[in-house]
Amino acid sequence: MNYEELLHEELTHITPADADAMARAAVYQGTLAKPPGSLGELENIYIRLCGITGTLRPAYRPCRIVVLCADNGVVEEGVSVTPRSVTAAQAVNMTKHRTGMSAMAHHFGDEVQVVDVGIADEYDCPAILDRKILPGTRNLARGPAMTRQEAARAVFTGLELARQARDQGVAILGAGEMGIGNTTTSAAVLAALTGLPVEAVTGRGGGMTDAGFLRKKQVIAHALALHRPDKNDVLDVLSKVGGLDIAAMCGVFLGAARQRLPVVIDGFISVVAALCARRLCPAAGDYFFASHASHEVGYAAAVKELGLAPWLHLGMRLGEGSGCPIAFRVMEAACAAAEGMATFEGAAIDDSYLNEIRGKDCF
């Protein structure tokens, strides 16, 4: 099976958000009994959701966080203080609502789908969906992380997970991850795609000594010099210096757009995957929503490339998809306000007093 051909066939079916629906939503916002633009970003979120769904009453439940789990061979180079075994352990814990993200999701009633696309260690947990492609990637400091077909298969796997979500009635998706060493792979991918210096996109991940942090940057720089990934070829970048989790998350973002589902970006690894997705298909970006500003240094560069602004500034750097349950509530609030507010006519308010300031910067 040629996964690259299958992937490119799917991309041809991704279309931009519905501009007419967004225009109708903007007009509707103007009829609600409030000063123009007074709900700020909530109004924009509602308008974008209308464009994605094609209706003035977009659904906002149920929500699902798809967590792509995979190990990274580059941990052999000492780029993380956390042992590889934590990937499998935390994947299992997510199914029991025992991690930061899954505890919040459980509290709010959101679904969490934990997917093994490349966990190296053995575990016993039927609740984890088995989509394993490899038992972790190869060490990118010594050779390509994976083959091009393996990378394409991972992306296609994410597309299929989004299709499954649509078939199961999910209204909004979020993309999370679990994989020790994946801030290293994400920084390498981001540097390759943007041409930014390694120092500008590399943070300390889960915490490192100064010596360990220096080693991490050296490993990334060495891998980029060794493989020379083509910034104009996302699959080349992913296969040479990426990870199975990033590639599969990229597929979830593309799949959400293919299924006309809004999808929430979490933190650094997630935003790099979203950038990969938009590079593969620019129209897919219409479906992405940025939840929180990650503490990782490379996040700002990636989200700027996407042309998005995160809603939440909470100093978060956990990953897992932890920004998604909070973002889902923001999206729900945007819809609830639009659906529940009275119009000026319904509230028996003569809105002619707003005529002089409508369409002007008076606030």
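The overall build of the protein is described here, followed by helix 3, three backbone features and two individual residues.

The model is predicted. Its secondary structure comprises 14 helices and six strands. The radius of gyration is 21 Å, close to the 21 Å that the globule rule gives for 363 residues, so the protein is as compact as a globular protein of that length. Along the principal axes, the C-alpha atoms fill a box of roughly 70 × 40 × 40 Å. Of the 363 residues, 55% count as buried. Contacts were also sorted by distance along the chain. Among those with a separation of 6 or more, 76% are between residues 24 or more positions apart.

The accessible surface comes to about 14600 Å². Carbon and sulfur atoms account for 53% of that area. The protein carries 33 positive and 40 negative charges. The mean positions of the two sets are 3 Å apart.

Helix 3 covers residues 41–53, 13 residues in total. The distance from its first C-alpha to its last is 18 Å, close to the 18 Å expected at 1.5 Å a residue. Its buried residues are Glu43, Ile45, Tyr46, Ile47, Leu49, Cys50, Gly51 and Ile52. The cover over these residues includes helix 2 (19–31), strand 6 (288–290) and helix 14 (324–340). Gly54 lies just after helix 3 and takes a positive phi of about 75 degrees. The loop between helix 3 and strand 1 (63–70) contains Pro62. A cis peptide bond joins Pro62 to Arg61, with omega at about 0 degrees.

Positive phi values also occur at residues other than glycine. One of these is Glu320, with phi near 75 degrees. Glu320 sits in the loop between helix 13 (299–306) and helix 14. Its relative accessible area is 5%, below the 20% cut-off, so Glu320 counts as buried. Ala348 is another non-glycine residue with a positive phi, in this case about 60 degrees. Ala348 belongs to the segment after helix 14. Its relative accessibility is 72%, over the 50% cut-off, so Ala348 counts as exposed.

Glu305 lies in helix 13. With a relative accessible area of 33%, Glu305 falls between the 20% and 50% cut-offs and is therefore partly exposed. Residues up to four places away in sequence aside, Glu305 touches Thr194, Leu275, Arg278 and Arg279. Glu305 and Leu275 are 30 residues apart along the chain, and their C-alpha atoms are separated by 7.4 Å.

Val114 is part of strand 2 (residues 111–118). At 2% relative accessibility, under the 20% cut-off, Val114 counts as buried. Leaving out residues up to four places away in sequence, its contacts are Val67, Cys69, Ala91, Met94, Thr95, Ala127, Ile128 and Leu129. Thr95 is 19 residues from Val114 in sequence. In space, the two C-alpha atoms are 6.9 Å apart.

How values were computed:
Residues are numbered from 1 along each chain as its sequence is written. This is a predicted model: local features need pLDDT of at least 70, side-chain atom pairs count only at pLDDT 80 or more; totals for chains, interfaces and linings use all residues. Side-chain values use heavy atoms; hydrogens and water are left out. Helices (H or I, at least four residues) and strands (E, at least two) are DSSP runs, numbered from the N terminus. The expected span of a helix is 1.5 Å times one less than its number of residues. Buried means under 20% relative accessible area, exposed over 50%, partly exposed in between (1.4 Å probe, protein chains only). Contact means heavy atoms within 4.5 Å. The radius of gyration is taken over C-alpha atoms; the globule rule is 2.2 Å times the number of residues to the power 0.38. Accessible areas come from the Shrake-Rupley method with a 1.4 Å probe; for residues, only the protein chains shown count as cover. Lys and Arg count as positive and Asp and Glu as negative; His and the chain ends are not counted. The place of a charge is taken as NZ of Lys, CZ of Arg, CG of Asp or CD of Glu.
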